Every structure is written in structure tokens, then in C-alpha cells.
Amino acid sequence: GHTQCGAVSGSCGGAELGNLTQLLDKIHPAVEAVKKQKDGAALNCKDGDTVNEIAKVNVMNVIKSIQEQSPIVAEQIKNGEVKIVGAMHDLRTGKVTFIE
């Protein structure tokens, strides 16, 4: 994932952008998870910290999805043959931070 993600902001704000709407829909579970963490409070989709938190949760959701949708990859992870590592790229600094 990366900071200042326009797709995350769009999904958070409920944007519908033609063919991109399907992509935004895939991010929406991360929006809902962050909203739940904040006790259901409305999210400020223009707030950088909120957008970055949603992006981070989305990275973790994608990792989980890969494992659930690919039995082969799941087996390789179980056997220690491969590892999926999530990370966030800070567009301002260029720094990549790995997610535990």
C-alpha cells in the first residue's frame, strides 16, 4: 500500500468512478474495519492519517485474501517455503515500512 492513496480516499468517500468502482468496492471492507475501530464514527476521508490507516488495513486484507483464495500459496506459507509481507510506501519520504 502507499500513503495518500486516492483510491482509498475514494472508497472512503463512497465515490463511484465508472470502471474503477469495482476496485473501490474491494477497498471498502478496510474502510468499514477502520470505522468499526472508531466505534462506528464517521470517517474524515480527507484526513491523511485516516486514509493511511485504511490503506494499511487494506494491505492486511489483501494478504489474507491471497491466502484464502490460493490453496497452493497457503500450503507454501504453511511449509515455510514462501512468505507474504505487507508494507506501506510513504510517497513523501520514499520510506517503506513493513507491517507486522
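In which hand of crossing does helix 2 pass helix 3? Let's start there, everyone, and keep in mind that this is a predicted model. The crossing of helix 2 past helix 3 is right-handed.

Now the geometry. Helix 2 covers residues 21-37 and helix 3 covers residues 48-69. They pack at an angle of about 120 degrees, and their axes are 8 Å apart. What do we call that arrangement? The two helices are oblique to each other, because an angle of about 120 degrees falls outside the 65 to 115 range for roughly perpendicular and is not over 145, the cut-off for roughly antiparallel.

So who is touching whom? From helix 2 we have K26, I27, P29, A30, V31, A33, V34 and Q37. On the helix 3 side, their partners are E53, I54, V57, N58 and N61. Sorted by class, this contact has eight nonpolar residues, three polar ones and two charged ones.

Two of those names, V31 and I54, come back when we turn to C12. Leaving aside neighbours within four places in sequence, C12 contacts V31 and I54, along with L43 and C45.

That brings me to the largest nonpolar core, which has 17 residues. Which of them touch the most other members? The answer is V8, C12, L43 and I54. Helix 1, helix 2 and helix 3 each contribute at least two residues to this core, and helix 3 gives the largest share, with six. As a bit of background, nonpolar side chains in soluble globular proteins tend to be buried together.

Next, please scroll to the segment before helix 1, where helix 1 itself is 6-12. T3 sits in that segment. Is T3 buried or exposed? T3 is buried, because its relative accessible area is 10%, and the cut-off for buried is under 20%. Setting aside residues up to four places away in sequence, T3 touches N52, M88, H89, D90, L91 and R92.

Q4 is also in the segment before helix 1, but Q4 is exposed, with a relative accessible area of 55%. Have a look at its backbone, too: Q4 is not a glycine, and yet its phi is positive, at about 55 degrees.

One more residue to finish the tour, and that is D39, in the loop between helix 2 and helix 3. D39 has a positive phi of about 55 degrees, although D39 is not a glycine either. With a relative accessible area of 76%, D39 is exposed.

Thanks, everyone, and I'm happy to take questions!

How values were computed:
Residues numbered from 1 in each chain as written. Predicted model: local features only at pLDDT ≥ 70, side-chain atom pairs only at ≥ 80, totals over all residues. Heavy atoms only, no water. Axes fitted to C-alpha atoms, helices over the stretch in contact; angles between N-to-C directions. Helix = DSSP H or I, 4+ residues; strand = E, 2+ residues; numbered from the N terminus. Parallel < 35°, antiparallel > 145°, perpendicular 65-115°, else oblique. Left-handed = near helix turned anticlockwise from the far one by under 90°. Contact = heavy atoms within 4.5 Å. Nonpolar A, V, L, I, M, F, W, Y, C, P; charged D, E, K, R; others polar. Buried < 20%, exposed > 50% of the residue type's maximum accessible area, 1.4 Å probe, protein only. Core = buried A, V, L, I, M, F, W, Y, C linked by side-chain atoms within 4.5 Å.
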